[in-house]
Amino acid sequence: MSEIIEPFRIKVVEPIRRTTPEERTEILKRAHYNTFLIDADDVLIDLLTDSGTSAMSAAQWGGIMIGDESYAGSRSFKRFESTIQEIFGFKHVIPTHQGRAAEKILMSIVGGAGKVIPNNNHFDTTRANVEFSGAEARDLVIAEGRDPASMHPFKGNIDLEALEATLKQGTSPIGMITITNNTGGGQPVSMANIRAVSALYRKYGVPFIIDSCRFAENAYFIKEREEGYADKTPREIAKEIFSYADGATMSLKKDGFGNIGGFLALNDDAMAEQARNLLILTEGFPTYGGLAGRDLEALAIGLNEVLDESYLEYRLATIRYLASRLAESDVNIVQPPGGHAVYVDARSFYDHLPQSEFPAQALVCDLYLEGGIRGVEIGSGMFGRCVDGVEVPADRELVRLAMPRRVYTQAHVNYIGEVFARLAAKRHEARGLKIVKQAPILRHFTAWFEPV
Ligand code: F0G
């Protein structure tokens, strides 16, 4: 750990603003105790998401200047396409403005009532796009993947028996796997599991599509944890992963080092033609999708940078380091730490608060009040429901601390650790919250809370 340092130096900086505790008390009250409603300028360290929040490199910014903005046949698209073909190995590359646009196009082609799409865990937008098409999104992660204490090295793996039982029904038009498994804690999938899942999909004639947002982080976990991969490069590992699949959806806002961007990649000619026709309806012409030429240029550069071994070593070390700082204050987290985030167990941190008082949302608010840090609640605010005025809680109360890529330094992480230590010292004083206003769907984005 001590030899792993940030494998970059900083050329451009962006000031962050400290606020006083009195100011934060006011700001939080004005935001109705919902940190989604706080202005980003009022946040000191923003761990809301690792999506679209990366720092681009000097080379990427250079690429922005030489982006080709031609409507058709742009040089930057050619570079984008050939980079993805080289790493991912798929024939057709369809650019989209972000990951969910690729999901929407894919589900418009293969979804529909009576169909079942298997996955380890569908991410929220993937699930929403599957369900919007009328199909069922079925989560088949291994039992260890649902157990926060399990130290299984690949908690994102799919349960192969459950997958075969689903495929036997003959209702799956495609099958998926998400690497890393964000919903399950940013946990990786092993190469052995990807190979076995692929064999099952092939056996039942089901095209295999990988949700590949954090593919480079997953590749490095394989290098660190799976026998036979220690001497392979992340690029070789990534190539092997995708060699088992028929296509991919990708949010380039994660492991593309982009602030915006995505793609759908496919081998099948007929399916790709359908996808391009849908692309033109909402995203744009097939040589730019929903992106500017300069974005395509920067993303092609980012995809090569993200596979750099010293970057990935540093990236996974930063998450482990954050986890180790929290462990000093006996904070329970989903173990082992994932590739892009640490997931704090708020139910055990605030064990005096019942779930009806939103312990994870309370912790999100207290993190902001104590240190100006913004995390995100993954608990009853997000997944609970209000049925006839009665709250039905979620099965977990987590706070996700997602680390933007190449943005914060070790001193920032030390500060996060200090804030948790201060909160831990007075954890039994924490007060719960109640919801006073909510929308019928995706309520966590806009709900108003009040202290109990
Ligand atoms: N799949 C996974 C696994 C994701 O984590 C995300 C986004 C998407 C698909 C959708 O991509 O945002 O580009 O449309 N996750 C972000 C997050 C929003 O905060 O975890 P998108």
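The lining of the second largest pocket is made up, by class, of 20 nonpolar, eight polar and ten charged residues. The model is predicted. This pocket has a volume of about 1400 Å³. It is lined by 38 residues, and those closest to its centre are Val 12, Glu 14, Ala 55, Arg 406 and Val 407.

**Cavities**

Three cavities of 30 Å³ or more are present in the structure. The second largest of them has a volume of about 70 Å³. Two elements each give two or more residues to its lining, namely α14 (359-371) and β11 (376-378). The lining as a whole consists of Asn 34, Thr 35, Phe 36, Gln 361, Val 364, Gly 375, Val 376, Glu 377, Gly 381, His 444 and Phe 449. Sorted by class, four of the lining residues are nonpolar, six are polar and one is charged.

**Overall form**

The chain contains 16 helices and 16 strands. For a compact globule of 452 residues a radius of gyration near 22 Å would be expected, and the chain, at 22 Å, agrees with this. Along the principal axes, the C-alpha atoms fill a box of roughly 60 × 50 × 45 Å. Of the 452 residues, 58% are buried. The exposed area of the chain is about 18700 Å², of which carbon and sulfur atoms supply 53%. Among contacts with a separation of 6 or more, 73% are between residues 24 or more positions apart.

**Buried residues and their surroundings**

Ile 416 belongs to helix α16 (residues 410-425). Its relative accessible area is 1%, so Ile 416 is buried. Apart from residues up to four places away in sequence, Ile 416 touches Ile 45, Leu 47, Leu 322 and Ile 373. Pro 95 is 321 residues from Ile 416 along the chain, and their C-alpha atoms are separated by 37 Å.

Ser 329 sits in the loop between α12 (309-327) and β9 (341-345). Is Ser 329 buried or exposed? With a relative accessibility of 12%, Ser 329 counts as buried, because the cut-off for that class is under 20%. Residues up to four places away aside, Ser 329 touches Gly 417, Phe 420, Ala 421, Ala 424 and Arg 427.

Tyr 201 is part of helix α7 (residues 191-203). Tyr 201 is buried, at a relative accessible area of 0%. Neighbours within four places in sequence set aside, Tyr 201 is in contact with Pro 118, Ile 158, Leu 163, Leu 167, Gly 175, Met 176, Val 206 and Phe 208. The C-alpha atoms of Tyr 201 and Gly 417 are separated by 44 Å, and these two residues are 216 residues apart along the chain.

Ser 212 is located in the loop between β6 (208-211) and α8 (215-225). Ser 212 is also buried, with 0% relative accessible area. Which residues does Ser 212 contact, leaving aside its neighbours within four places in sequence? They are Phe 88, Ile 179, Phe 242, Ala 248, Thr 249 and Met 250.

**Backbone geometry**

Most residues other than glycine have a negative phi, and most peptide bonds are trans. The table lists exceptions in this chain.

| Site | Feature | Value |
|---|---|---|
| Ile 179 and Thr 180 | cis peptide bond | omega about -15° |
| Gln 335 and Pro 336 | cis peptide bond | omega about -20° |
| Phe 257 | positive phi | phi about 55° |
| Phe 358 | positive phi | phi about 50° |

Ile 179, one of the contacts of Ser 212, is joined to Thr 180 by a cis peptide bond. Thr 180 falls in the loop between β5 (175-178) and α7. The cis bond between Gln 335 and Pro 336 involves a proline in the loop between α12 and β9. Ser 329 is in the loop between α12 and β9 too.

Phe 257 is not a glycine, yet its phi is positive. Phe 257 is placed in the loop between β7 (247-251) and β8 (262-266), and is buried with a relative accessible area of 0%. Phe 358 likewise has a positive phi without being a glycine. The loop that holds Phe 358 runs between α13 (346-349) and α14. Phe 358 is buried as well, at a relative accessible area of 2%.

Definitions and conventions:
Residues are numbered from 1 along each chain as its sequence is written. This is a predicted model: local features need pLDDT of at least 70, side-chain atom pairs count only at pLDDT 80 or more; totals for chains, interfaces and linings use all residues. Side-chain values use heavy atoms; hydrogens and water are left out. On a 1 Å grid over the protein atoms alone, a cavity is a set of points where a 1.4 Å probe fits but cannot get out, and a pocket is an open set with protein on both sides within 12 Å along at least five of seven lines; lining residues have an atom within 4 Å of a point. Grid points are joined across faces, edges and corners, and a volume is the space filled by probe spheres set on the points. Helices (H or I, at least four residues) and strands (E, at least two) are DSSP runs, numbered from the N terminus. Ala, Val, Leu, Ile, Met, Phe, Trp, Tyr, Cys and Pro count as nonpolar, Asp, Glu, Lys and Arg as charged, and the others, Gly among them, as polar. The radius of gyration is taken over C-alpha atoms; the globule rule is 2.2 Å times the number of residues to the power 0.38. Buried means under 20% relative accessible area, exposed over 50%, partly exposed in between (1.4 Å probe, protein chains only). Contact means heavy atoms within 4.5 Å. Accessible areas come from the Shrake-Rupley method with a 1.4 Å probe; for residues, only the protein chains shown count as cover.
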